[in-house]
Amino acid sequence: MRVTVWNENVHETTETEVAERYPDGIHGAVASAITDHHPEAVVRTATLADPEHGLTEEVLADTDVLTWWGHKAHEEVDDAVVERVQRHVLSGMGLVVLHSGHLSKVFRALLGTTCNLDWRCERDRELVWTVDPAHPIAQGVPHPVVIDQQEMYGEFFDIPAPDELVFISSFSGGEVFRSGCTFRRGHGRIFYFSPGDQAFPVYHHADVRKVIANGVQWAVPTRERDLPALHNRPAGWFA
């Protein structure tokens, strides 16, 4: 399993408290969550500041699953890289989009909607409820996952109806949110999981780390990667 963990890495390099919370960057915390549960995985990291954001054609061709975290710098991601990632997802590469990555160019391009939502950053308690306990992403995950302090994400979440809804979150302010959703685009699998924020140590939470590791495993391609093709089928081709 070859995984590339992408993070814009802006908060960690500009805000002391975030750097203290995530000394190896959010990408470091996410990468360790994957290797803790899948020690056989080959995991690399990439950030916005890397040449081509670390997402060259060669890197993506060598990636089974890409994870994505962004927040402050969505619009700084080069459109050519967005098109490249989208093409690889449609060809079969898995994509796991985390937290504020819902507004990334990549996620919006693949889903075709604004992906806007309600939010509040006031140390809400979040309960992550499993609504599809038979789903592979939910395996070994408590019901509910309790996150003592977290940013609130609430409905309406402007996404297409998910192919599968795995988790719903409730917050101390009364809001609910579709916090764990799967989609299929072309030959690729996409998992969106909302818990995780630079202001709170959520990516050190054991249950959140388990969900991320499960999501990555679920998103691994199940077939040879290629783009869905346009075929001319002349009459009688089957006979």
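I began with the contacts of Arg184 in this predicted model, and, leaving aside residues up to four places away in sequence, I found that Arg184 touches Asp163, Glu164, Arg189 and Trp218. One of these partners, Glu164, is 20 residues from Arg184 along the chain, and I noted that the two C-alpha atoms are separated by 9.6 Å. I placed Arg184 in strand β8, which runs over residues 176–185, and I entered Arg184 as partly exposed because its relative accessibility is 36%.

Next I turned to the cysteines. How many disulfides does a search of the whole structure find? I recorded zero. For Cys181 I could write down why there is no bond: the closest cysteine sulfur, that of Cys115, is 10 Å away, which is too far, since a disulfide needs the two sulfur atoms within 2.5 Å. I also asked whether Cys181 is buried or exposed, and I noted Cys181 as buried, because its relative accessibility is 0%. Cys121, by contrast, has a relative accessibility of 37%, so I listed Cys121 as partly exposed.

My last entries concern the largest pocket, for which I noted a volume of about 190 Å³. I counted 14 residues in its lining, and those that lie nearest the centre are His71, His102, Trp119, Glu151 and Tyr153. Which elements give two or more residues to this lining? I wrote down β5, residues 118–130, and β6, residues 145–154. Sorting the lining of the largest pocket by residue type, I obtained six nonpolar, six polar and two charged residues.

Key:
Residues numbered from 1 in each chain as written. Predicted model: local features only at pLDDT ≥ 70, side-chain atom pairs only at ≥ 80, totals over all residues. Heavy atoms only, no water. Helix = DSSP H or I, 4+ residues; strand = E, 2+ residues; numbered from the N terminus. Buried < 20%, exposed > 50% of the residue type's maximum accessible area, 1.4 Å probe, protein only. Contact = heavy atoms within 4.5 Å. 1 Å grid on protein atoms, 1.4 Å probe; cavity = no way out; pocket = protein on both sides within 12 Å on 5 of 7 lines; lining within 4 Å. Points joined across faces, edges and corners; volume = space filled by probe spheres on them. Nonpolar A, V, L, I, M, F, W, Y, C, P; charged D, E, K, R; others polar.
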